[in-house]
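Here is a guided walk through a model, taken one region at a time. Keep the structure open beside the text as you read.

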Protein chains: 2
Amino acid sequence: MAIFTINPHSGVPVYRQIMDQVRYQLAAGTLAPGQQLPSIRELAHTLAVNPATIAKAYSELEHDGVIELQRGRGAFIHAHPPAMPRDQRRQRLRTLAERMAVEARQTGADDAEICAALDQALIHLNRRRPS
Amino acid sequence: MAIFTINPHSGVPVYRQIMDQVRYQLAAGTLAPGQQLPSIRELAHTLAVNPATIAKAYSELEHDGVIELQRGRGAFIHAHPPAMPRDQRRQRLRTLAERMAVEARQTGADDAEICAALDQALIHLNRRRPS
DNA sequence: ACGACTGTATTAGTGTTATCATACACTAGG
DNA sequence: CCTAGTGTATGATAACACTAATACAGTCGT
């Protein structure tokens with residue numbers, strides 16, 4: 001199985017699918033800081049998409065501090081994770097939590113059910129992590 | 001203060017800002033099932049946007065089962081919340097939780113911090129709820 | 001120095017989205 | 001009935017998103 005898989009008919013943009021998978025695998029530990037990623041052209045060939053599409057995904061990830069691009073060398077998971085300042089992190093978490101809370105409530109779930117879902121997701125992520 | 005407020009320069013579409021606020025206020029209890037919303041034209045005038053923009057927001061919300069549109073009468077919060085089937089709800093919660101878990105991990109937060117953020121968000125929502 | 005690999009930049013084509021304008025159809029009250 | 005309110009439907013236009021094509025520039029091993 002390849003590192004990444006793409007579904008061109010899912011409606012979600014290819015470049016975003018790439019970004020999501022890098023983020024997910026980094027969170028899950030399948031990708032580790034410093035590790036080299038497939039080159040733009042190589043990945044483009046594997047997934048049968050235009051190199052510019054991969055370049056866009058990588059470029060955005062670099063802008064977000066997730067990966068590091070080195071001209072002539074390749075793409076790498078950022079060696080030193082950004083380590084967001086405490087205040088900013090708090091604000092970010094608050095935003096994420098509110099979004100999830102509101103959307104989860106739409107399903108009719110109660111607090112316990114919502115928290116349980118998050119616990120499960122975290123446990124699932126931790127599966128592959130030495131931490 | 002008006003029921004809704006809009007920021008035309010935020011980059012997020014106006015119709016989506018409307019949708020988000022209806023959903024949020026419903027989750028928070030500021031809007032209650034059965035309650036009447038501002039008419040399309042009235043809200044359009046208040047926010048200084050085209051009625052079709054409000055119509056789109058309302059139409060999408062109706063499609064999602066959040067509100068009810070009655071020609072010649074007005075727009076109302078759906079009296080009986082949709083109550084998603086258990087399986088579908090579980091799947092939806094799983095998706096939401098995974099997204100939050102992955103994005104929260106990006107900030108460098110640990111499990112406890114992430115769960116605490118969600119707890120806070122739920123508590124904050126419950127503030128205005130009789131439930 | 002060369003060649004084969006890396007990322008970068010610019011431009012363009014295509015489709016979708018967001019907003020607006022205008023005309024239509026239903027409902028309720030006088 | 002008729003009027004003033006409601007939502008509905010259609011089409012136009014501008015902006016944006018996504019993908020692609022092509023040419024450029026740095027790195028590294030031979």
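The paragraphs below go from the sheets to the DNA and then to the contact between the chains. Bear in mind that this is a predicted model.

Start with the sheet of chain A. Three strands make up an open sheet, in the order β1-β3-β2 (chain A). The pairing is antiparallel. Strands β1 (36-37) and β2 (67-70) of chain A stand at the edges. Each has a single partner strand, so one side of each is left without a neighbour in the sheet. In general, strands of a sheet pair through backbone hydrogen bonds, either parallel or antiparallel.

Now look at the pairing itself. β1(A) is joined to strand β3 (residues 74-77) of chain A by 2 bridges. Leu37(A) has Ala75(A) in β3(A) as its bridge partner. A helix covers part of this sheet. Helix α3 (residues 51-63) of chain A lies across β2 and β3 of chain A. The helix runs at about 120° to β2(A).

Turn to chain B. Here 3 strands form an open sheet in the order β1-β3-β2 (chain B), with antiparallel pairing. β1 and β2 of chain B are the edge strands, and each pairs on one side only. Helix α3(B) packs on the sheet and touches β2 and β3 of chain B. The direction of α3(B) makes about 120° with that of β2(B).

The bridges of chain B can be followed strand by strand. Strand β1 (residues 36-37) of chain B is linked to β3(B) by 2 bridges, and the two run antiparallel. Leu37(B) has its bridge partner, Ala75(B), in β3(B). On the other pairing, β2(B) and β3(B) are antiparallel over 4 bridges. One of the partnerships sets Glu68(B) opposite Phe76(B) in β3(B). Another pairs Gln70(B) with Gly74(B) of β3(B). The hairpin of β2(B) and β3(B) has 3 residues between the strands. Within that hairpin, Gly72(B) takes a positive phi near 80°.

Gly72(B) leads on to the DNA. Which residues come closest to DNA strand C? They are Ser39(A), Val14(B), Asn50(B), Ala52(B) and Gly72(B). In total, 25 residues surround this strand. Both chains contribute to the surface. Chain A supplies at least two residues from each of α2 (40-47), α3, β2 and β3, and chain B does so from each of α1 (14-28) and α3. By class, the surface near DNA strand C has 10 nonpolar, 8 polar and 7 charged residues.

DNA strand D comes next. Of the 25 residues around DNA strand D, the nearest are Val14(A), Asn50(A), Gly72(A), Ser39(B) and Gly72(B). From chain A, α1 (14-28) and α3 give two or more residues to this surface. From chain B, the elements that do so are α2 (40-47), α3 (51-63), β2 (67-70) and β3 (74-77). The surface near DNA strand D divides into 10 nonpolar, 8 polar and 7 charged residues. Gly72(B) is listed among the nearest residues for DNA strand C and also for DNA strand D.

Next, the contact between the protein chains. Here 33 residues of chain A are in contact with 33 residues of chain B. On the side of chain A that touches chain B, the elements giving two or more residues are α1, α4 (86-106) and α5 (111-126) of chain A. Helix α4(A) provides the largest share, 14 residues. By class, this side of chain A has 20 nonpolar, 4 polar and 9 charged residues.

Look inside the protein as well. The largest nonpolar core has 57 residues. Leu118(A), Ala101(B) and Leu118(B) have the most contacts inside this core. What does Leu118(A) touch? Leaving aside residues up to four places away in sequence, its contacts are Ala97(B), Met100(B), Ala101(B), Cys115(B) and Leu118(B).

Finish with Glu98(B). This residue lies in helix α4 (residues 86-106) of chain B. Is Glu98(B) buried or partly exposed? Glu98(B) has 19 C-beta neighbours inside 10 Å, so it counts as partly exposed; being buried takes 20 or more. Pro38(B) is 60 residues away along the chain, and the C-alpha atoms of Glu98(B) and Pro38(B) are separated by 36 Å.

Key. Residues numbered from 1 in each chain as written. Chains lettered and ligands numbered in written order. Predicted model: local features only at pLDDT ≥ 70, side-chain atom pairs only at ≥ 80, totals over all residues. Pairing = 2+ DSSP bridges. Contact = placed C-beta atoms within 7 Å. Axes fitted to C-alpha atoms, helices over the stretch in contact; angles between N-to-C directions. Buried ≥ 20, exposed ≤ 12 C-beta atoms within 10 Å, placed from the backbone. Near = placed C-beta within 6 Å. Nonpolar A, V, L, I, M, F, W, Y, C, P; charged D, E, K, R; others polar. Core = buried A, V, L, I, M, F, W, Y, C linked by C-beta atoms within 7 Å.
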